[in-house]
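This report walks through the fold of one chain and the surroundings of its ligand. The sequence and the structure come next, and the description follows them.

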Amino acid sequence: MLGFARTPDEAAGKPSAARAVAERMGAAMHGIPTDPEALEDGLMQHLSALLAAGAPAADHLAIITRAIEDRCADPARSHLSRAEIAQRTGFVSFNDGVAETQTPVSKDIETDVLIIGSGPFGASMALFLSELGVGNIMVTKYRWTANTPRAHITNQRTMEIFRDVGIVSEVKAQAVPHEMIGDTVFCTSIAGDEIGRVPSWGTHPSRHADYELASPELNCDIPQTLLEPIMVSHATRRGTQMQFSVQYVSHVQDDDGVTTKVLHRVTGTEHTIRSKYLIGANGARSQVAADIGLPLEGQMDIAGSMNITFTADLSRLVGHRPSALYWVLSPGANVGGIGAGLVRMVRPWNEWLIVWGFDIAQGTPEVSEDDARQIVRTLVGIPDLEVEITGISLWGNNEQFATELHRGRVFCGGDAVHKHPPNNGLGSNTSVGDAYNLAWKLAAVLREQAGPDLLETYDDERAPVARQIVTRANQSGRESAQLFEALGITEPGLSEEQMRARIESRKDATP
Ligand SMILES: Cc1cc2nc3c(=O)[nH]c(=O)nc-3n(C[C@H](O)[C@H](O)[C@H](O)COP(=O)(O)OP(=O)(O)OC[C@H]3O[C@@H](n4cnc5c(N)ncnc54)[C@H](O)[C@@H]3O)c2cc1C
């Protein structure tokens with residue numbers, strides 16, 4: 001018998017059509033050479049023959065591709081992605097899920113893995129577990145996914161992971177491509193003078209080849225509001241049971257599993273979910289991480305930031321000089337006390353986000369829509385700009401990480417264990433990386449292909465990454481402050497007029 005996870009049919013005590021197909025394929029493949037390309041070509045022929053002979057195509061592309069991986073010994077040798085195999089063979093990796101949803105016979109809901117939160121960490125955990133055939137339920141407190149753009153720069157490693165699970169084309173279709181996100185611009189306002197631009201995200205000619213050589217995928221820019229629905233939809237199509245408006249309340253774990261109490265926010269009722277493992281994917285203020293007492297180093301809320309999202313057509317100002325990030329040197333702007341506001345492209349060139357600092361020691365400011373409109377007009381540099389404010393939110397800059405990531409059967413990842421400012425765009429990317437590390441290990445342990453000790457390596461491998469990225473993002477913030485110091489606009493006590501004059505002097509002819 002092939003070493004696959006139990007299929008839904010088998011779980012229901014019935015023979016599995018998918019396993020029969022996979023086993024016939026495995027047996028037939030013994031005569032095929034081990035050269036990866038020939039192997040894959042041969043495999044394609046066998047799959048086509050099986051399909052032509054009317055073999056049921058309904059179940060599990062994952063099972064079939066795992067047969068390829070078994071035959072290749074090293075999965076990396078199989079150069080076709082799962083999505084490509086699906087396309088070439090006509091096999092589909094999902095059905096509508098209706099037949100697979102069993103109504104529980106008692107009030108107890110059971111699953112292998114319960115995931116709390118559907119942000120980048122939770123949604124990718126769900127997607128990867130479902131791809132590996134592991135049963136999982138994902139619950140999230142709100143009625144939909146992220147409602148503000150937040151993360152956007154999606155790095156090469158994350159794109160490789162998306163490639164592996166067959167969602168990279170969909171991500172690229174919705175993303176702003178690498179070529180358009182290149183330069184970080186420093187200017188007096190979007191309409192005003194450009195002081196400089198720094199090629200970023202691997203677009204500098206001297207770095208670009210490194211990026212091209214490092215990976216088959218380049219980085220891109222996709223706001224979290226667009227990325228999360230892609231991940232959640234693929235997770236649910238592949239098997240995740242998704243529950244919106246369901247809030248984590250508490251949990252108790254024993255030797256065999258975890259019993260979690262959740263509150264259904266629509267009905268106001270509480271129920272319990274029994275799982276073999278519980279995943280705390282509920283962000284920087286994770287109640288799950290707090291409940292298991294993960295040790296934390298560093299501090300939360302070391303500075304205050306405000307996000308203002310707005311729509312305004314700025315294409316005539318920026319369409320010819322594209323960038324994802326515009327630092328506007330402007331008296332009154334105060335990101336980290338540096339006299340600059342950050343204008344970020346969300347969608348070219350009519351959806352934007354401004355990050356504006358505030359002094360957290362003075363408490364949280366009241367910001368009206370008129371205040372926000374004024375900030376937008378100042379940074380864009382057009383006093384009567386037509387603008388629609390679409391959101392105002394406040395958030396704290398953090399410098400904190402967990403030194404251990406799990407207790408027993410409860411594992412945390414993402415912002416629950418690494419909390420830091422957006423510099424370098426590390427948060428969402430690292431959250432996807434955490435999930436990619438943990439999901440296959442959970443699958444292997446649940447299938448009894450590995451002992452539970454394997455799960456200890458999650459902490460060994462990811463806790464140092466948590467420390468590293470928190471340090472890196474905060475260091476970048478401090479280093480960029482040096483640039484503003486060099487421009488002479490951060491001296492304490494500088495009046496707005498003096499600051500304006502200093503910025504103006506950047507245009508003076510140099511000797
Ligand atoms: C302005 C800004 C820009 C950023 N830019 C980047 C970038 O360019 N690149 C990058 O990689 N990262 C960036 N980040 C960071 C990124 O947004 C986070 O690192 C990422 O969202 C963390 O993912 P997560 O899944 O751990 O947590 P979150 O995204 O915070 O998700 C938490 C989830 O838990 C749910 N939840 C919370 N409490 C409960 C509860 N009690 N019960 C049930 N569900 C609950 C929420 O509904 C949500 O679904 C940025 C962040 C900000 C603020």
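Two strands are said to pair if DSSP finds at least two bridges between them. With that meaning in hand, one can read the statement that aspartate 183 stands opposite proline 199 in S5, a position within the antiparallel pairing of strand S4 (residues 183-187) with S5, which extends over five bridges. The model described here is a predicted one.

**The chain as a whole**

The secondary structure of the chain comes to 16 helices and 18 strands, and buried residues make up 42% of its 511 residues. Among the contacts in the chain with a separation of 6 or more, 70% are between residues 24 or more positions apart.

**The eight-stranded sheet**

Eight strands form an open sheet of mixed pairing, in the order S5-S4-S12-S13-S14-S11-S15-S18. Its edge strands are S5 (194-199) and S18 (418-419), each of which pairs on one side only. Helix H15 packs on this sheet, where it touches strand S11 (296-311), S13, strand S15 (388-402) and S18, and the direction of H15 makes about 120° with that of S15.

Within the sheet, strand S13 (residues 340-347) is mostly covered, since seven of its eight residues are buried. Strand S12 (residues 325-329) pairs with S13 in the antiparallel sense over five bridges, and here valine 328 stands opposite glycine 341 in S13. Strand S14 (residues 351-358) is also antiparallel to S13, to which five bridges join it; arginine 347 has glutamate 351 of S14 as its bridge partner, and the hairpin that joins S13 to S14 passes through three residues.

Strands S1 and S2 are paired as well, in this case in the parallel sense, and the table sets their pairing beside the others.

| Strands | Sense | Bridges |
|---|---|---|
| S4 and S5 | antiparallel | five bridges |
| S12 and S13 | antiparallel | five bridges |
| S13 and S14 | antiparallel | five bridges |
| S1 and S2 | parallel | four bridges |

In the pairing of strand S1 (residues 109-116) with S2, methionine 138 in S2 is the bridge partner of isoleucine 115. In a regular strand the side chains alternate between the two faces of the sheet. Strand S2 (residues 136-139) is covered on both faces, with Asn136 and Met138 buried on one side and Ile137 and Val139 buried on the other.

**Helix H7 and its surroundings**

Which residues of helix H7 are buried? In this helix, which spans residues 156-164, they are Gln156, Thr158, Met159, Ile161, Phe162 and Arg163. The buried residues of H7 pack against strand S3 (153-154), helix H8 (168-174), helix H9 (205-214), strand S6 (220-221) and helix H14 (427-446). After H7 comes glycine 166, whose phi is positive, near 75°.

**Helices H14 and H15**

Helix H14 and helix H15 (residues 456-486) pack at an angle of about 175°, with their axes 10 Å apart, which makes H14 roughly antiparallel to H15. On the H14 side the residues that meet are Thr430, Asp434, Asn437, Leu438 and Lys441, and on the H15 side they are Thr457, Tyr458, Glu461, Arg462, Val465 and Ile469. By class, this contact has four nonpolar, three polar and four charged residues.

One residue of helix H15 is tyrosine 458. Is tyrosine 458 buried or partly exposed? Tyrosine 458 counts as partly exposed because it has 19 C-beta neighbours inside 10 Å, whereas a buried residue needs 20 or more. Its C-alpha lies 8.2 Å from that of aspartate 434, a residue 24 positions away in sequence. Leaving aside neighbours within four places in sequence, tyrosine 458 is in contact with Leu405, His406, Phe411, Asn437, Leu438 and Lys441.

**The shell around the ligand**

The ligand is surrounded by 35 residues, of which the closest are Gly117, Gly119, Gly283, Gly414 and Gly427. By class, this shell has 14 nonpolar, 18 polar and three charged residues. Helix H6 (120-131), strand S8 (246-253) and H14 each supply at least two residues of the shell, and H14 gives the most, with four residues. Helix H14 thus appears in three settings in this report: among the elements packed against the buried residues of H7, beside H15, and in the shell around the ligand.

Notes:
Residues numbered from 1 in each chain as written. Predicted model: local features only at pLDDT ≥ 70, side-chain atom pairs only at ≥ 80, totals over all residues. Buried ≥ 20, exposed ≤ 12 C-beta atoms within 10 Å, placed from the backbone. Contact = placed C-beta atoms within 7 Å. Near = placed C-beta within 6 Å. Nonpolar A, V, L, I, M, F, W, Y, C, P; charged D, E, K, R; others polar. Axes fitted to C-alpha atoms, helices over the stretch in contact; angles between N-to-C directions. Parallel < 35°, antiparallel > 145°, perpendicular 65-115°, else oblique.
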